[in-house]
Amino acid sequence: MSDPALAERVEALAVAGRLLEPFTSPQVHSAVHEVGRRAQQRASVGLEQTVVALAGSTGSGKSSLFNAITGLDLAEVGVLRPTTADPLACWWGEDVPRDLLDWLGVPAHLRVPRRSTLDDSATPLDGLVLLDLPDHDSMVLSHRDKVDRLVGLVDMVVWVTDPVKYGDALLHERYLSSMSRHGGVVVVVLNQVDLLSPAERDVCLSHLRDLLAGEGLGGLDVLATSAADGTGVDELTRRLRDAVARREAAAQRLAADVAVLGHRLRVEAELRPPGQGYSDTPRHVGPPAVDGLVVTDGLHAALAAHRAQFAAGELAWPWRRTGAASPVVEPDLSSDAVTARLDDYVEHETDVMAPMWRDSVRGELSAVPSDLVDAWGDEVRQVVGAPARPRPTWTGVRRAQRLVMAMAATAVGLGVVAGVALAQDVDAAVTAGIGALLAAIGGIVGGWVVNRRRRREKDDYASSEAAQIVESLRGRVRRDVQVHLELPLEQSRADHDAAAAALDLAEA
Amino acid sequence: MAPLRTGPTMSGMTKGSRFVPDARTHLGESAASLAAALGGRDGACQTDETARRLVDELDLIEARSRHPDVPLLIVLAGSTGVGTSTLLNSLVGRRVSPTGVRRPTTTAPVLVHRPRDDPARLVTLVGGPADVVADEAVPEGIAVVDSPGMDSVVQHPRSRSASLIAAADAWVAVTSPARYADAAGWSHLAGDAARHVPTAIVLNRTVEHARADVTEHLAALLSRRGLAECPFLVVDDNPGAEGMLPPAAVDRLRSLLSTLGQDPSLRALARRSSLAAAADAAVRRAQAWVSSQPEEDARRDDVRRAAEGLRAIVARELS
């Protein structure tokens with residue numbers, strides 16, 4: 001496409017259309033696709049030409065104006081209505097714009113070249129393709145279909161009306177009202193002004209301008225002409241010449257169509273008017289830190305206490321073995337508070353969106369907070385209820401304990417032997433006694449060392465187990481929040497803002 | 001009374017319906033019963049806007065059926081810009097309806113009646129704001145109303161013209177060489193309101209060089225749509241005095257209207273058709289009213305029965 005801005009607009013419209021599809025009608029969707037196709041096709045059939053159509057009611061004088069502008073007497077003019085049944089095309093230039101005329105659907109026998117040796121050299125109208133269209137309001141309804149099609153394709157439309165029909169609802173409601181952005185490529189002509197006095201002409205013109213302004217078409221160009229006496233024909237031809245010279249009409253027309261569709265998308269999806277953007281809204285610094293609410297310090301402490309009790313039990317001296325550790329006391333998970341925090345987060349992040357989009361996202365995510373809280377609750381219960389497992393190193397501790405006890409037993413044994421042998425063999429008794437003493441010392445020292453080891457093991461086990469479990473649970477909570485809430489919300493906001501930005505571009 | 005020089009006889013105006021003398025009063029009585037079922041003038045319907053208006057209209061139908069001497073209401077109506085105001089002015093002989101180039105020109109109906117006739121009932125028929133003028137020049141037995149133009153972008157005039165045609169005893173459908181092939185005009189001729197109203201066609205503002213061709217073409221179009229029996233008049237264009245035609249130009253139209261106003265059987269035919277059309281519309285609105293009322297409303301069954309009775313009479317009339 002030769003106009004980069006237009007290509008961007010068309011692409012932006014397509015992007016917006018895709019993003020806003022759930023909130024907009026199928027009609028506007030197919031219109032968006034159609035304008036994209038049309039932009040491609042128009043570029044491919046040749047942007048050197050400017051296609052201008054003379055459109056309007058039966059009897060308003062399109063064909064007469066066509067003849068006046070072309071200087072030829074080609075278009076049929078008559079009293080019986082309607083007159084023109086097929087579009088007639090006159091083209092200025094060297095080479096016949098065949099592809100363009102094919103694309104427009106002009107029958108081969110209705111294509112007339114406008115060049116002759118009698119013309120001014122380098123006729124400034126070179127590149128103009130002028131169409132005389134059938135009417136849009138007669139009882140021959142097939143004419144209206146042809147008009148609808150061609151008015152949708154051409155680069156520029158000259159709407160021809162007259163003192164009788166200029167106020168007709170059909171012209172305004174069916175055609176002009178949808179061309180509010182097309183100021184540069186639409187001209188409204190009040191023809192047959194030769195039937196009016198100058199004062200009457202002013203009345204009609206100013207009333208017509210009022211009607212147009214009232215419909216938001218105040219920017220449209222309005223000319224007074226008379227094909228019969230030539231009034232205004234030169235001025236109209238000059239406008240056409242300017243449009244042809246600028247070579248922008250095609251792009252302008254398409255840009256206006258894109259803008260109109262952008263507006264429709266905006267209205268249907270209930271987005272803010274252009275320029276009012278959505279980027280000024282404060283964003284959360286991040287999702288709420290609910291991990292600490294789900295896996296509380298209280299739980300941490302309960303876990304630590306439980307594990308300490310377990311370790312104490314596992315590592316106790318045999319005579320101190322009590323029963324199994326009592327289960328962890330679960331503090332209550334304040335699920336309502338957590339769910340509420342998460343709901344608030346969703347609400348805040350979506351607050352600034354267009355209503356339909358916001359409601360849709362909130363709907364999609366509505367069950368997520370409570371589902372997550374339920375899942376977390378289940379996992380906490382499961383983890384907390386899982387039996388504690390002893391560490392492998394504890395077998396070493398128990399061996400040490402046994403060794404100590406063995407030493408104590410040896411000490412006692414030797415002591416008994418010493419006592420018994422004292423009466424008979426003092427030496428043996430002394431040896432046994434010394435042995436007993438050594439064993440006793442070994443036992444006491446060993447016992448003290450083992451005890452210290454026991455205590456350290458117990459504390460270490462309790463704190464590291466508890467910390468590990470708590471950290472793993474909290475990590476899960478944070479990940480879940482990120483995956484199921486934060487990322488979807490971010491994606492939604494990005495899409496939403498992208499749609500708004502695309503619309504701004506399309507309507508610029 | 002001489003028949004028109006060309007074209008069909010006056011009975012063509014009412015599209016071939018037969019004259020049955022008693023049906024009129026039966027219709028009137030039936031309309032009165034329906035009005036009573038709705039609660040009558042002083043009944044509970046005082047607070048119900050729809051019912052009240054319906055009762056007013058039914059009373060009017062009943063009154064018109066009992067008083068054949070109420071002037072026939074003739075509506076001049078057509079697309080904006082065909083010259084209905086000029087026609088009215090020319091019939092009366094003075095400018096009673098403003099003309100001009102601003103479209104639409106007529107925004108409020110202009111009702112012209114003979115001074116001797118009481119305009120009150122006619123104004124009720126017109127149903128809304130209207131300029132009311134008395135003038136001796138109005139042919140006897142009728143009153144003429146110039147309707148706002150149809151199909152212009154200014155909304156209010158469009159719906160007034162449709163309701164005027166529905167309320168009229170006869171419709172003079174005006175067109176012009178510029179407008180005669182417009183789809184909108186033909187769809188009005190085929191529309192509900194227009195179908196039962198006695199109709200005449202006037203091709204106004206006819207320029208000399210177009211006269212023969214356009215007249216022939218329009219006649220063919222009318223014939224194709226089953227309107228060949230309607231009186232079809234051509235009025236020449238006169239670009240001179242704005243808003244007024246020379247009396248001769250509207251001679252035939254005036255004589256058509258006079259005949260309609262004075263011939264008893266024609267009056268009866270016209271009145272009968274238009275009363276049937278008005279009653280038909282009233283029946284439909286009564287049925288819609290019934291379905292919109294809550295189950296417990298005691299009037300529902302009575303109204304339904306009375307509406308059914310009226311509908312049967314109307315069906316006979318219109319067949």
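**Exercise 1. Place A:Asp132 in this predicted model: in which strand of chain A is it found, and is it buried or exposed?**

Step 1. Locate the residue. A:Asp132 belongs to strand 4 of chain A, which covers residues 128-132.

Step 2. Check the accessible area. The relative value for A:Asp132 is 1%.

Step 3. Apply the cut-off. Buried means under 20% relative accessible area. A:Asp132 is therefore buried.

**Exercise 2. Find which residues A:Asp132 touches, leaving out those up to four places away in sequence.**

Step 1. List the contacts. A:Asp132 touches A:Leu54, A:Lys62, A:Ser63, A:Phe66, A:Ala75, A:Thr84, A:Asp86, A:Pro87 and A:Leu88.

Step 2. Take A:Ser63 from that list. Its side chain makes a polar contact of 2.6 Å with the side chain of A:Asp132.

Step 3. Take A:Thr84. In sequence, A:Asp132 and A:Thr84 are 48 residues apart. In space, their C-alpha atoms are 8.1 Å apart.

**Exercise 3. Work out the strand order of the seven-stranded sheet in chain A, and say which strands are at the edges.**

Step 1. Read the order. The sheet is open and runs 3-2-4-1-5-6-7, with mixed pairing.

Step 2. Identify the edges. Strand 3 (111-113) and strand 7 (221-224) of chain A each pair on one side only.

Step 3. Add the twist. Neighbouring strands of this sheet are turned by 20 degrees against each other on average, direction ignored.

**Exercise 4. Describe how strand 2 of chain A is joined to strand 3 of chain A.**

Step 1. Count the bridges. Strand 2 (residues 88-91) is joined to strand 3 by three bridges.

Step 2. Give the direction. The two strands run parallel.

Step 3. Pick out a pair. A:Cys90 stands opposite A:Val112, which lies in strand 3 of chain A.

Note on methods. Residues are numbered from 1 along each chain as its sequence is written. Chains are lettered from A and ligands numbered from 1 in the order in which they are written. This is a predicted model: local features need pLDDT of at least 70, side-chain atom pairs count only at pLDDT 80 or more; totals for chains, interfaces and linings use all residues. Side-chain values use heavy atoms; hydrogens and water are left out. Helices (H or I, at least four residues) and strands (E, at least two) are DSSP runs, numbered from the N terminus. Buried means under 20% relative accessible area, exposed over 50%, partly exposed in between (1.4 Å probe, protein chains only). Contact means heavy atoms within 4.5 Å. A polar contact is a pair of N or O atoms within 3.5 Å; within protein, one must be able to donate a hydrogen and the other to accept it, and residues adjacent in sequence count only if both atoms are side-chain atoms. Two strands pair if DSSP finds at least two bridges between them. Axes are lines fitted to C-alpha atoms, for helices over the stretch in contact, and angles run from 0 to 180 degrees between N-to-C directions.
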